[in-house]
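New notebook page, new structure. I want to get my bearings before going residue by residue.

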Amino acid sequence: DEVLLSAVDETLKHVFKEVGAKVIYDFIKNYSHLEREEIAEKPEVFSAGLERLLASAAPVIENLILKSLYRKLQLKFEEKEGYGFSDYIKELKEKCRC
């Protein structure tokens with residue numbers, strides 16, 4: 001869970017800077033009632049919040065987060081047809097048994 005949160009933090013801060021990342025976390029907290037610490041438990045809620053806020057840019061941000069996460073886990077990220085953000089997270093949890 002900590003590795004995922006680290007990847008989310010780094011990606012959001014890299015793309016949107018510190019202030020933008022805070023705005024995104026605040027929006028998701030207020031809109032989806034999801035705390036930052038709950039992202040790993042409820043990736044589909046996080047994804048829906050991103051989509052609500054960023055519209056068509058959400059999948060781009062999600063892919064950047066996933067690439068960062070896979071890199072941190074020393075795994076190769078490969079996009080899969082029909083897979084969404086939460087599918088990758090669930091698959092990683094099963095692989096890592098986290």
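Before I place anything in a helix, I note what the word covers here: a helix is a DSSP run of H or I with at least four residues, and the numbering starts from the N terminus. With that settled, I looked up Gly-20, and its place is in helix H1. I also remind myself that this is a predicted model.

**Entry: the whole chain**

I started with the secondary structure and found four helices and zero strands in the protein chain. Reading along the sequence, I get the pattern α-α-α-α. Then I checked how the chain fills space. Its radius of gyration is 12 Å, close to the 13 Å that the globule rule gives for 98 residues, so the chain is as compact as a globular protein of that length. Along the principal axes, the C-alpha trace spans about 30 × 25 × 25 Å.

I looked at the surface next. The protein chain exposes about 6,100 Å², and carbon and sulfur atoms supply 51% of that. On the inside, buried residues make up 38% of the 98 residues. I also looked up how far along the sequence the contacts reach. Of the contacts with a separation of 6 or more, 46% come from residues 24 or more positions apart.

**Entry: H1 against H2**

Now the helix pairs. A note to myself on what to look up: two packed helices are described by the angle between their axes and the distance between the axes.

At what angle do H1 and H2 pack? I get about 100 degrees, with the axes 10 Å apart. The range from 65 to 115 degrees counts as roughly perpendicular, and H1 and H2 are therefore roughly perpendicular to each other. I wrote down who makes the contact. From H1 come Val-8, Phe-16, Ile-24, Phe-27, Ile-28, Tyr-31 and Ser-32. From H2 come Val-45, Phe-46, Gly-49, Leu-50, Arg-52, Leu-53 and Leu-54. Sorted by class, this contact has 11 nonpolar, two polar and one charged residues.

**Entry: H2 against H3**

Same lookup for the next pair. H2 and H3 pack at about 135 degrees, with their axes 8 Å apart. That makes H2 oblique to H3. On the H2 side I listed Phe-46, Ser-47, Leu-50, Glu-51 and Leu-54, and on the H3 side Ala-58, Ile-61, Glu-62 and Ile-65. By class I have six nonpolar, one polar and two charged residues in this contact.

**Entry: along H1**

Back to single residues. Is Thr-11 buried or exposed? The cut-off for buried is under 20% relative accessible area, and Thr-11 has 7% relative accessibility, so it counts as buried. Thr-11 sits in H1, which runs over residues 2-32. Leaving out residues up to four places away in sequence, Thr-11 touches Ile-61, Leu-64, Ile-65 and Ser-68.

Val-15 is another H1 residue. At 33% relative accessibility, Val-15 counts as partly exposed. Beyond its neighbours within four places, Val-15 is in contact with Ile-61 and Leu-64. I also took a C-alpha distance here: Val-15 and Ile-65 are 50 residues apart along the chain and separated by 11 Å.

Gly-20 once more: with a relative accessible area of 18%, Gly-20 is buried. From the C-alpha of Gly-20 to that of Lys-76 I get 28 Å, with their positions 56 residues apart along the chain.

**Entry: the loops**

Which loop holds His-33? I found His-33 in the loop between H1 and helix H2, the latter at 43-54. The phi of His-33 is near 55 degrees, a positive value in a residue other than glycine. At 66% relative accessibility, His-33 counts as exposed.

Gln-74 is in the loop between helix H3 (58-72) and helix H4 (85-96). Its phi is near 60 degrees, again a positive value in a residue other than glycine. Gln-74 counts as exposed at 73% relative accessibility.

Last lookup: Ala-55, in the loop between H2 and H3. Ala-55 counts as partly exposed, at 46% relative accessibility. Ala-55 and Phe-16 are 39 residues apart in sequence, and I get 15 Å from C-alpha to C-alpha.

Definitions and conventions
Residues numbered from 1 in each chain as written. Predicted model: local features only at pLDDT ≥ 70, side-chain atom pairs only at ≥ 80, totals over all residues. Heavy atoms only, no water. Helix = DSSP H or I, 4+ residues; strand = E, 2+ residues; numbered from the N terminus. Buried < 20%, exposed > 50% of the residue type's maximum accessible area, 1.4 Å probe, protein only. Contact = heavy atoms within 4.5 Å. Axes fitted to C-alpha atoms, helices over the stretch in contact; angles between N-to-C directions. Parallel < 35°, antiparallel > 145°, perpendicular 65-115°, else oblique. Nonpolar A, V, L, I, M, F, W, Y, C, P; charged D, E, K, R; others polar. Rg over C-alpha atoms; globule rule 2.2 N^0.38 Å. Areas by Shrake-Rupley, 256 points an atom, 1.4 Å probe, with all protein chains shown as cover.
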